[in-house]
Amino acid sequence: MSFRRFTNRTSKDQDLAEEIDSHLAHSQDAHAARGLSSEEARRQAYVRFGNPRSTREHVWRYRSLPWLEDLWRDLRFALRGLSKTPGFTIIAILVIAVGIGVNTAVFSVINAVLLKLLTYPDPQSLVQMRNTGPQGSFPGANIPKFNIWHQQTSVFQQVAAYDFGGAGLNITGGDHPEQVQGIHVSADYFSLFGAPIVAGRTFTSAEDSPHGGHVTVLSYGLWKSRYGADPKVVGTTIQLDGQPYLIVGVIDRRFVTDTPADLWVPFQFDMNSQDMAHYFTVSARLKPGVTLPQVNAQLRLAADEYRRIYGKDSLPANSGFGVASLQEATIGDTRFPLLVLLGAVGFVLLIACANVANLLLARASSRKREFATRAALGAGRSQIIRQLLTESLTLSLVGGALGLILGFAGVRFLLSINPGNIPRIGEDGSAVTLDINILLFTLGISLLTGIFFGLLPAISASQPNLAATLNENGSRSGIGFRSGKLRSALVIGEMALTLVLVIGAALLIRTFLKLQAVDTGFATHNVISMAMSMSGDRFQKTAPVALVVRDGTDRALAVPGVVDVGVSNCLPMAGGFGMSFDVVGRPKGNSPFAGGAGFYSISWRYFNALKIPLLRGRSFTEQDNGAAPNVVIINQAMARQYWPKGDPLKDRIQIGPGAGPAFAEGPRQVVGIVGDTHDGGPNRDPFPMMYIPLAQMPDLETALNSRVAPLWWIIRSQVDPRTLSSSITAALRDASGGLPVAHIRTMDEIEARNTARQRFNMLLLTIFGFAGLLMAAIGVYGVMSYSVQQRTQELGVRMALGAQASSLRNMVIRQGMALTLIGVLIGTGGAFWLTRFLASFLFGVKTLDPIAFIVTPLLLAAVALSSIWIPAKRATRVDPMTALRLE
Amino acid sequence: MSRDEIPPGTLYLLILKTLAVRKKLHGYEIAEFIEQQSEDVLQVEEGSLYPALQRMLMKGWVVAEWGVTAGNRRARYYTLTADGKKQLALELSKFQRIMGAVTKVVQPA
């Protein structure tokens, strides 16, 4: 209502003007009728009426909204005031932009990772099926588990299995085979995730059964790139691993999966299988209205049934099944680190606020006379506060807008050079997008900070002692007691917060250096790895795989510059398989197996290629093939853990007892012990590990392996191996009858990826710490230069009375350093308490690391000293005559 | 002949009453009517007549529409609304109360 009045007042004013004209005309007529000349009648009419413009203005004013007018006036006034002091304005805006920018940056990652819901329909009812046990809960399933979960129709609407691309598939039939990411899924997969179909259909349950034939569903990307998005491609075939696959449908690009898929093929599980191998993931959709306690109760029954069918060794009594929200499962352990980072940027923002409040206080005290004059002219206290708040909000909103740009561009840049191993952020952080959440967040903290840093100075400035201020000579009067105290307190606060930040950064830097210093146990320099997908009917038995390995090794070794070539079923540091084992002849006690260890199947040159040292016994040779006696090599960690006194080389072990028919094999003689590798990353102790020759794998295990994982070629060269990669891939293609390789990465890159999270955290906290340090330096500099400027007279008198320049300088330094010292003490206390939240980030460094807690305060003191030095120097240059004459 | 200013606060009452009697008038006619009825004692200050009319429009006591006068001029005619009539009763009783009170004070005892 009142807004309408406000917005249409221009047209109303036109009406009024016309009405007044009409009135004047009538009045003129009346005067003329009394016999006046038309000129005189007109004059009289105007005299009677008065000034029409002032009438219109009168009406205009009460058609307006007072608060809007006031706001507009305050805003114009603020802009005018700020533009008069460009130096102050620019520094304040930059400080706010940094403070808000880092918050926007961290929040936009939190938004993408924690807050945004999964893009599937009704994501809250999606759960991931988990195995629970004393060590916590983890995903992963075998066919018997999938089968039993699938039957729990009282709580689940749909249950679907899928893998993450595993071995990869080769599109054949063209000039060059192409390796693509083919995700195996069960028939319900697409309906579970509500995948939108652009052409054709998804798999039928008949197609997902053991003799369902070769069918595939294409992704939008592959459909576009290979078929030009032609809908007629549905019903035709695509050659995968030399076999024709019927294309039954295409999925829309809106469907986003964790591992991007090029195409999907059905698992075609035999639901009667007793295969105990875990090689896929299962998710489910809860029935509407089903609660988590109901699901868990139902899954307890399912676990009992599982034990009854497959034997009590198949699932230990203290283990069972459970569910986790799919969103939570995807986020994983990222939540806590991100919240700690949010806490850290909160500190940066507080420092920025303290800094700007400080600048505003200084500004306000030099404007004391201005405020006193206004108060004397009748401005109320609330009007002065409002005026000052408008100023600080203008600063914070401009700074916030700049911070939004800075923070968003900054985080995208940071993620593109170091994705930090964070889930859900997309390729190089592409899923971190600007949305309404981020805009609202930035607007919100901009307003809050504007009020926060503006209110203190505004309140203190609006309590002028009128008479005292107006009677003071000039603006150079001493700083008010209150404002001086306040500013010192702000500087102390800045120092303390900065110290906490920098100690945090120091701990993370030390962690990162420690991680870098860890010997991973294998060579990474000049080593490259590439994946070859052994999918298809050719590689269902061990012998043909071993043949490709032998030929490929020979041909790759012939490439000039190549020093060594190894092959394995998984890469160090890139995740691998685990197997249980028994020591032949050793009593097992209560547990079903003697132990568990990481499991590699490798070629005979693997240890040479990665320079993993042989500590005892012998290494594998080319003769350790299917015809030779079964052998195994273990690492030192396994020897130490399972043969604390005995000699492993005298023992034989049985790998994978009771793991199902795929793993059935005879016992293996331990023939050697090799050095440990840090497979779980440099921050984890080496796992026990066993290695068997690739050529000695049971056929069924090779077939399974070919499905779930590619074969990794590991090549060490004299020169940068990337320069050789095209000749190596050509050699391997020749040796394998045309198989392509993919995922070509140096081991240095893989190692860097392993510490990416730590590097990301370290980088961020270092940036925050540095920003804090810079602002604290500006803060203490500002306070001290202001105090020197205010005390020019006092310094002049002291000098005139014979004080030494050096003693004046020291006096200023003492004052500044006193503030610093208090800040450092408070900050150290704070850090003592706060660094415990960093414990899970640290490696090789204690939360109360003496180096961080000694070096950081010294660094802060040094920075403070150097920023106090300039005003201190200035104090010695005060000319007593000038200073006194100013009086 | 001296003319007196309208006592503050009574302009609304005068306008409302005028419109109640004459139903539909434009601004000049309102001013004229008040002056004639008061036998030229009350002088409507024309500069404040229009702001008052604007306020009354906003409060919904009167409505206005453009029309043509007998002399073939455009003019804006005001009429009373139901709210305006209520307001007139209110203003009238207020005025009488005050007048009564003032009279009691100034009357010789």
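**Exercise 1. A backbone oddity in a loop**

Locate A229(A) between its flanking elements, then state its phi and its exposure class.

*Solution.* A229(A) sits in the loop that runs from α9 (220-227) to β9 (237-240) of chain A. The model is a predicted one. Next, check the backbone: phi of A229(A) is positive, about 55°, although the residue is not a glycine. Last, count neighbours. A229(A) has 13 C-beta neighbours inside 10 Å, so it counts as partly exposed. The buried class would need 20 or more.

**Exercise 2. A second positive phi**

Repeat the analysis for N526(A): which loop holds it, and how does it classify?

*Solution.* Start with the location. N526(A) lies in the loop between α17 (481-517) and β14 (527-532) of chain A. Its phi is positive too, about 60°, and N526(A) is not a glycine. Now the count: N526(A) has 19 C-beta neighbours inside 10 Å and is therefore partly exposed.

**Exercise 3. Placing P196(A)**

Describe the surroundings of P196(A) from its position, neighbour count and contacts.

*Solution.* First, position. P196(A) belongs to the loop between α8 (189-192) and β7 (197-200) of chain A. Second, burial. It is partly exposed because 13 C-beta neighbours fall inside 10 Å. Third, contacts. Beyond four places in sequence, P196(A) touches I251(A), D252(A), R254(A) and F255(A). Finally, a distance: 126 residues separate P196(A) from D70(A) along the chain, and their C-alpha atoms are 54 Å apart.

**Exercise 4. The overall form of chain A**

Compare the radius of gyration of chain A with that of a compact globule of 887 residues, and set it beside the domain layout.

*Solution.* Begin with the elements: chain A has 28 helices and 24 strands. The domain assignment gives domain 1 (2-64), domain 2 (135-317), domain 3 (335-517 + 756-885) and domain 4 (534-739). The C-alpha centres of domain 1 and domain 4 of chain A are 100 Å apart. Then the radius of gyration. Chain A has 38 Å, whereas a compact globule of 887 residues would be near 29 Å. Along the principal axes, the C-alpha trace spans about 130 × 90 × 60 Å. Burial comes next: 43% of the 887 residues count as buried. Close with contact range. Of contacts in chain A between residues at least 6 apart in sequence, 84% join residues at least 24 apart.

**Exercise 5. The nonpolar cores**

Identify the residues that touch the most other members of the largest nonpolar core, and the helix that gives the most to it.

*Solution.* The largest core has 99 residues; V348(A), A352(A), V356(A) and F768(A) touch the most other members. Helix α12 (residues 335-366) of chain A gives the most to this core, with 18 residues. Follow one member outward. Beyond four places in sequence, V348(A) contacts G99(A), V102(A), L501(A), F768(A), A771(A) and G772(A). A second, separate core has 66 residues, including I633(A), M690(A), L724(A) and V741(A).

**Exercise 6. The contact between chains A and B**

Break down the chain B side of the contact by element and by residue class.

*Solution.* Count both sides: 17 residues come from chain A and 13 from chain B. On chain B, α2 (27-37), α3 (46-59) and β5 (74-80) each supply at least two residues. α3(B) gives the most, with six residues. By class, the chain B side holds five nonpolar, four polar and four charged residues. Now add the confidence. Chain B averages a pLDDT of 84, and 94% of its residues score at least 70. For the complex, the predictor gives an ipTM of 0.86 and a pTM of 0.73.

Note on methods:
Residues numbered from 1 in each chain as written. Chains lettered and ligands numbered in written order. Predicted model: local features only at pLDDT ≥ 70, side-chain atom pairs only at ≥ 80, totals over all residues. Helix = DSSP H or I, 4+ residues; strand = E, 2+ residues; numbered from the N terminus. Buried ≥ 20, exposed ≤ 12 C-beta atoms within 10 Å, placed from the backbone. Contact = placed C-beta atoms within 7 Å. Domains from an automatic or database assignment. Rg over C-alpha atoms; globule rule 2.2 N^0.38 Å. Nonpolar A, V, L, I, M, F, W, Y, C, P; charged D, E, K, R; others polar. pLDDT = per-residue confidence, 0-100. Core = buried A, V, L, I, M, F, W, Y, C linked by C-beta atoms within 7 Å.
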